[in-house]
Every structure is written in C-alpha cells, then in structure tokens.
Amino acid sequence: MPLPLSYNTVRQTPQYRRAQFWCAVAVAISVFPLIWMGGLVTTYGVGMSVPDWPNSYGYNMFLYPPSRWVGGIFYEHTHRLLGTLSGFLSVALVAFAWAPSRIRKLRSLIGNFTLAMFALMALSLAIKAYLIKSGYADYEFRKWYSHIYVFFGSLGLFGLVFWLGRHREERRWVRWLTIIQLIGIIIQGTLGGLRVTEVNTTLAIIHGCFAHAFFCTTAFTALVMSKWWIRSDQTVRTIDARSGRLALYLSAFTVLLIFGQLIAGALMRHNGAGLAIPDLPLAYGKVLPPMDETGLDAANAMRVWDPYHLPPTTLTAIWMHYSHRVGAVLVSLSIIILAFQVFRNLRQSPPITILVTLLCLMLVSQFTLGVLTVYLQKPADITSLHVAIGALTAMVAGLATAVIGRQYALHGTRLSAVSRDTLSQQPGYVVTA
C-alpha cells in the first residue's frame, strides 16, 4: 500500500501558466535597467535634476516633452519612467495571478469599467482639443488638464490587464507573493519620490538598497512560476540531507554577505567615499588605511599629487571605503566555498551548478569592475555597471538558494529509518546517506 506522502515529499502539482510566468519575467527584466539607471543618477549626482514629484517641472510625468530631456534630466526622468513600467507590470502580474475575470460576472463588470475609462479618456482629449482650438486653454491649463486624461487612461490600462486575467494561480502563497511584490514597488517609488521632495540622502540610500531586495523578489517570483519549479516534483532527485543542508546554509549566508556589501556600497556612494582610497590593492601604500589625524594628513597630502589630483577626504570616508573592500573579500571567499561544495557534492543537479557557475562569473566581473572604478577614478558607465552587476550577483545568489532549497532542503530533511525505507519505494525518489 503506498505511503501517504507528506508536504516534504510529493505535492499536488499546480498548473503552469505561461502568461503569468512571462509577466513575472518581464517584471524582473524591467528592474535591472532601472537599477543601472539609478546608478547613473547617483554617479552623475543628478538625483535632484527634476525637483518635483510626481510631476516633472509641472508636467504630468508621462507627457514631459522629450525635447527637455537634456543633461541630468534625461537620467532622472528616464529612471522615473522605468520605475513606472515596473510598477505597471507588477499590477499586471497581480491581475494574472488572482484572475478576477475567471468569474463571468466580474469579467463583464471589469470589461465595462475598462471601456468606460477609455471612453472618458477620449472625451477628455476631445474637450482639450476643443478648448485649445477655441483659445480657452493656456499653457498652464494644458499642463493641469493633462492629469485628467492620463488618470482615465491609466485606469483603463489597469482594467484591461485585470480583464485579461482568466486563469488563477492555484498556489495561495504565490498569489500573495505577487501582492507583496506590488507593495514593494509602491514603497520603492514612494521612497524615490520622498528622496526628491525631502532632499534626503538617507532616503536615497534606503531607496537604493531596497531596489536590490525588490529585484531578488521579482526573480524569485518568476522562478516559482516557471515550468521547472512546478514540475520539479516529477523528476528523479537524490536526497542527501547533509550536503543539501550545508549548501543551503552556505548560499543563504552568501546572500546575506552580498546584501551587506550592497549596503556598504550604497553608503560609500551616497557619502562621496568612492575614491576615499585611490590605490589598489593597498590603502595609501599600506595594508590598513590611516587611523588617526596624522595618517589622514599624510593621505591627503598624497591625494593632491600625481596621478590622483583628488580633493581631501576624511577618516570616516576612508573607513567606509575600506569596509567595502573587506566586504568584497568576504563575499569572494563565501562564493568560492559555496562553489567548492556544489561542484563536489551537488554536481548531479544542472540548475544548481549553472547558477553557481553564473555566480562565479559575476564575482569575476564585479572584482574587475571594482578595480577599474578605482583605477580610472569612477567613470560613470563602469561605476553604474558595477552597481548593476552587484544587483545581479545578489539575484543569482538568491535564486541559487531557492533552487538548492527546492531540490535538497525540502526533500532532504531528516528521515527516520522507516520513512527512508518507505520513501525509497516511491516513484521518482532515490535516497542516499
């Protein structure tokens, strides 16, 4: 008689939803250029190029004339538009996951609402055209009136994606994950806006760090909606509790170290400490940077001469920079140890080995970009790419943790002798020591 399998063995397989999966992928993809552009905004120091929010110099953000996207405005305004795209895609993902239109009455109601919103948008545009033609609409009135038809058009787009959602995600926790993701992008957008209106550097740091966490969340959402995740219970796996748990702990620890490194990098960037130590691999020719005012004076004297020509710095900035370097060493060691464990004991799992290989490549890329950032004195493109690859590194490490947990931790829990013998008789499972 077959054993009634527990949560850690075989589950009822949910259905793979292609539209949900690709929408989740689109959200994750949209976040990466958003982080990269945010890095450019910080590197160029143009975070206040558009001083109002949510408008752009009084215009509705979506209707700000492209002819005015010049200088720092281009980077800041493009960053805002990319954030809006990620937000809309997050709304669409919620619509596809919860699928209110699967109910016939709701589908009809949502459809009518969508048509009404688009009709109101068209009516608003017609009224604007009439007022302009009649000479009643001046420049300021046009900027104010644009909010009306953009509002109706936005509601129409939201209604459209909810009308298209017909197939509900069976897993409740995944549905709520999409809600958490939507709340995350709302918080992120609000932090970005408050950073502008309050002119607050601390909010800018939180905004940057939260972006990395949101990116990892979007990638995880796409992973759990993928065909591989859903059908992984139907594949043969080896249950090796010891190796699986060790790899899971190592990968989770690596994720924490990477996030700590990202926070240190954000503190360094927003406090102008990116070149507080201008030489590599030493710090002003020594293993440890200056620790007192005498050492600081010597360091500042070195900064003004060839090849640096840099302004004076502070001890706080120097140690902020140095902590980022120490974090880089710790992250590197953690990734190397994780890779050794995976390639030695878990190489029978292609998804895990692929992700860990990518993680190693990210490490090499980050190290190279970090060195170039210092040696070339923070060129904007390399510095921003360094920030973006850092986000990718955190994302890949997070996915590796999730995949290891999926293949080993959930199926490699401590098993009694009886449960091990019985489980080995179930199809698709191979139990090892």
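Trainee: At what angle do helix H3 (residues 104-134) and helix H4 (residues 139-164) pack?
Mentor: About 160°, and their axes are 8 Å apart. Axes here are lines fitted to C-alpha atoms over the stretch in contact, with angles from 0 to 180 degrees between N-to-C directions; helices are DSSP runs (H or I, at least four residues) numbered from the N terminus.

Trainee: So how does H3 run relative to H4?
Mentor: That angle makes H3 roughly antiparallel to H4 (over 145 degrees). By the way, this is a predicted model, where local features need pLDDT of at least 70 and side-chain atom pairs 80 or more, while totals for chains, interfaces and linings use all residues. Residues count from 1 along each chain as its sequence is written, and side-chain values use heavy atoms, leaving out hydrogens and water.

Trainee: What's in the contact of H3 with H4, by class?
Mentor: You'll find 20 nonpolar, six polar and three charged residues there. Asp, Glu, Lys and Arg count as charged, Ala, Val, Leu, Ile, Met, Phe, Trp, Tyr, Cys and Pro as nonpolar, and the others as polar.

Trainee: New topic: how many cavities of 30 Å³ or more are there?
Mentor: One. The largest cavity (grid points, 1 Å grid, where a 1.4 Å probe fits but cannot get out) has a volume of about 40 Å³, counted as the space filled by probe spheres set on the points.

Trainee: Which residues line the largest cavity?
Mentor: Val31, Leu34, Ile35, Ile185, Gln188, Ala211 and Phe214, where lining means an atom within 4 Å of a point. H1 gives the largest share, three residues.

Trainee: And what classes are in that lining?
Mentor: Six nonpolar, one polar and no charged residues line the largest cavity.

Notes
Helix = DSSP H or I, 4+ residues; strand = E, 2+ residues; numbered from the N terminus. Parallel < 35°, antiparallel > 145°, perpendicular 65-115°, else oblique. 1 Å grid on protein atoms, 1.4 Å probe; cavity = no way out; pocket = protein on both sides within 12 Å on 5 of 7 lines; lining within 4 Å.
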